[in-house]
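I opened my notebook to look up a few things in this structure. I wanted to know where the nonpolar side chains gather and where opposite charges pair.

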Amino acid sequence: MISIKSLSRRGFLNMGAAAGAGLLLPKTGLVRPAFAEAPLAPVDVKDAMIAFGHTGPVSDEGWTWAHDQGMKAVEAAFPGIRTSFVESVPYSADATRIFRQFVADGANMVFATSNYGDFLYDVARRAPEVAFYECDGRTHMDNLGTYYVQHWYPSYVAGIAAGAMSKTGKLGYVASFPVPSVYSGTNAFLMGARTVNPAATVQCIVINSWFDPQAATQAGTALLDNGCDVLFGIMDEAGYLQVAEARGAKAVMWNTDLRRYGPKAYITSIMVDFKPFYVEQVRRRLAGEWTPTYGLLPMGQGVDRDAWGETVPPEVAAKADAARTKMMQEGWSPFVGEIKDSKGTIKVAAGQKMTEEELYHWDWSIEGVSGLDA
Amino acid sequence: MSYRLQRLPVAKPSVAFAARIASVVLALLTAGLVLKLVGMEPLALAGRVLKSTFGSSFGLEDLALLFTPLLYCGLAVAVALRIGAWNIGAEGQFNLGAFAATGIALFVPGPDWALLPAMAVAGALAGAAWILMPTLARAYAGVSELITTLLLNFVALLLVYWVSTGPWLDPSGHALATTARLPVAVPEFWGIVHWGLPVALILAVGLAAVFAFTRWGYEVRIGGSNPGAARYAGMPVRRHLIAVMLLSGAIAGLGGMMEVAGTVGRLQGGISNNYGYLGIMVAVLARAAPLGTIATAFLMATILNGGIILQTQGLTTHTVLALTGLILLYAAIGDEAAKYRIVKLAKGA
């Protein structure tokens, strides 16, 4: 909280000083600027504390559960290490209080498994000796890194299967917020579906939460009532899969294998695995090698499609997997122009390939996706 | 000789105070027992909570920031209770106040000294506007404000979600589902604690004085406790009802302005953090007394802050919520129990 406001006063002075230093130092080479990237000092495993702030409950069998598996992997890889986590951290000033409490308790490394923005940065700025990570973050600091998954590739693969299995060509999407993950997820899904059904569309309902089984169930019902017959979404639980199962529709899920909640409806899931990432970053922190990273975990190394559901016809699975193999073996990307937005404006010129940065920051719907653009 | 319980219409203040203290102590003891049974160390945890909250200026500053919105919302609900109206909509008015203040800050150019008062006025007016319809419906058609104010909370929350993820979304691309940072901030006077806190305290003292010493305050109190008698005595009860409910909305709206411009710095869904609903508890525990609200808002802030510390020690959100509820339940029981006294009956009676 403070630090942002201090930007207007002290912060500007610091920025001025930093800019001045930046201008002077390359010439003199005598003084190292304070903001130079030096790894944080090593920590003995017996003294180390690693903390996780989660957006939902660890029992969600979804996103938060997957991150909790990562914490358990850290505990297994570094016996004796101290860990701490808080579930259901709200997107409010309470988040700042929780992250600050982690620091007060002696955390050496803090992972925010969702985008907490300023609520996290305010704490990170005041704890320069603590390493911070923000999942799905877009801000870089000397002691704050970001991490996320390139989920648009498996979303495209799942979209091919969804397009082939939809009879109406109307796909539904249960969205959390109109944020880049949701834009890239819906756009990739529809682009995949249109390779088999060029008339397919995606209709979105935004429920303003990542974990609200009741709202997700209602949204799923409304989408099916509207004629959709395949549901996708970015929920941390299985609510709309159960709706699809009960109504004889199909569903693509996120995070984990949820097929037992709807074996007939289950097409696949955008599976995430953060275990190797967490273990590696904690190792670097303990060894005194840690500087922030800003990577996106690629398909096959942190995100992938799940094994196909029992009702997915083999020829559909084969067609979708052909695209997946091409992506993984040849580095092929389907995100190539010409791509129009929902208003018909050409946003990506013919033949132009979208960069990973552009895919990560995607904040507009392609033509055919409705319910997200204001 | 025999004894029996006698119920008094109003508890003696000294007894009520003792009952309040006893209920908090008993609730903490119960909570400690439960923690012990699940294998935690209640005394060590309590020590940690106290040390983290009161042992450093950071802890105290955090507590003050949590105390501020609780005080605004508690005052808003308490004021309305004075005339017998239940403002369940402080949550919505708080959101609207934050929304209006953000609109001024983001889209009206001007120097800080002019912008901040304009934002405060806009926040208060927006809060009052949000309760205007329930107020008129109650005053002229007898529609229960309980339902109307509650339902408008959802509208307000969705409005804030919509503008902060849609038309007012931060254009930098670095922040998700939130507006840009406001170019002005309520100044700080102690660490990260801003002027929203002293303003709320002054408001509480001012309201207490108005209710205690002015004719208007007297008429509002009579209008709340016995509207029929007040009307018979020639008091303009309806006019007072409208004025008090609008004032209630304005206080909550001002709280929202202070939260967005002082504490959070951006408008986003969830900024109200349930302060509006917690304000109902704050006001009820204070029996709608503005000065009492200061004490109960502080108690609530301490409990909630303690809850956050407990969560980092491995307690789940649900356990912490249950403990918070336990303290309030015990307080309610204590309040009721304080109204009883034991009387000795003479022989043969």
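My entries on the cores, the interface and the salt bridges follow.

**Entry 1: the cores.** I noted at the outset that this is a predicted model. I began with the largest nonpolar core, which has 104 residues. Which members touch the most others? I found Phe111(A), Phe189(A), Trp254(A), Val282(A), Phe335(A) and Trp362(A). I then checked which element gives the most to this core. Helix α5 of chain A, residues 152–165, does so with 9 residues. I also listed a second, separate core of 100 residues. Leu75(B), Trp168(B), Tyr275(B) and Ala331(B) are among its members.

I took a look around Trp254(A). Leaving out residues up to four places away in sequence, I saw that Trp254(A) touches residues including Trp63(A), Tyr148(A), Phe232(A), Met235(A) and Ile270(A).

**Entry 2: the interface.** I turned to where the chains meet. I counted 38 residues of chain B in contact with 35 residues of chain A. The area buried between the two chains is about 3,200 Å², and carbon and sulfur atoms give 53% of that. I found 12 residue pairs in polar contact between chain B and chain A, with both residues at pLDDT 80 or more. On the side of chain B that touches chain A, α12(B) supplies the largest share, 5 residues. I sorted that side by class: 14 nonpolar, 18 polar and 6 charged residues.

**Entry 3: a bridge between chains.** The rule gives 4 salt bridges across this interface, and 27 over all chains. I picked one of the interface set. Asp62(B) pairs with Arg100(A), their closest N and O atoms 2.7 Å apart. The pair runs from helix α3 of chain B to helix α3 (residues 93–104) of chain A. Are these two residues buried or exposed? Both are buried.

**Entry 4: bridges within chain A.** I looked up Asp306(A) next. Asp306(A) forms a salt bridge with Arg259(A), with the closest N and O atoms at 3.0 Å. The partners sit in two loops, 47 residues apart. Asp306(A) is buried, at 8% relative accessible area. Arg259(A) is partly exposed, at 23%.

Then I checked Asp304(A) and Arg324(A), whose closest N and O atoms are 2.8 Å apart in a salt bridge. This pair links strand β12 to helix α10 of chain A, 20 residues apart. Asp304(A) counts as buried because its relative accessibility is 15%, under the 20% cut-off. Arg324(A), at 17%, counts as buried too.

My last note was on shared partners. Asp118(A), Asp170(B), Arg181(B) and Arg266(B) are joined into one network of salt bridges.

Methods
Residues numbered from 1 in each chain as written. Chains lettered and ligands numbered in written order. Predicted model: local features only at pLDDT ≥ 70, side-chain atom pairs only at ≥ 80, totals over all residues. Heavy atoms only, no water. Core = buried A, V, L, I, M, F, W, Y, C linked by side-chain atoms within 4.5 Å. Buried < 20%, exposed > 50% of the residue type's maximum accessible area, 1.4 Å probe, protein only. Helix = DSSP H or I, 4+ residues; strand = E, 2+ residues; numbered from the N terminus. Contact = heavy atoms within 4.5 Å. Buried area = accessible area lost by both parts, 1.4 Å probe. Salt bridge = Lys/Arg side-chain N within 4 Å of Asp/Glu carboxyl O. Polar contact = N/O pair within 3.5 Å; in protein donor to acceptor, adjacent residues only side chain to side chain. Nonpolar A, V, L, I, M, F, W, Y, C, P; charged D, E, K, R; others polar.
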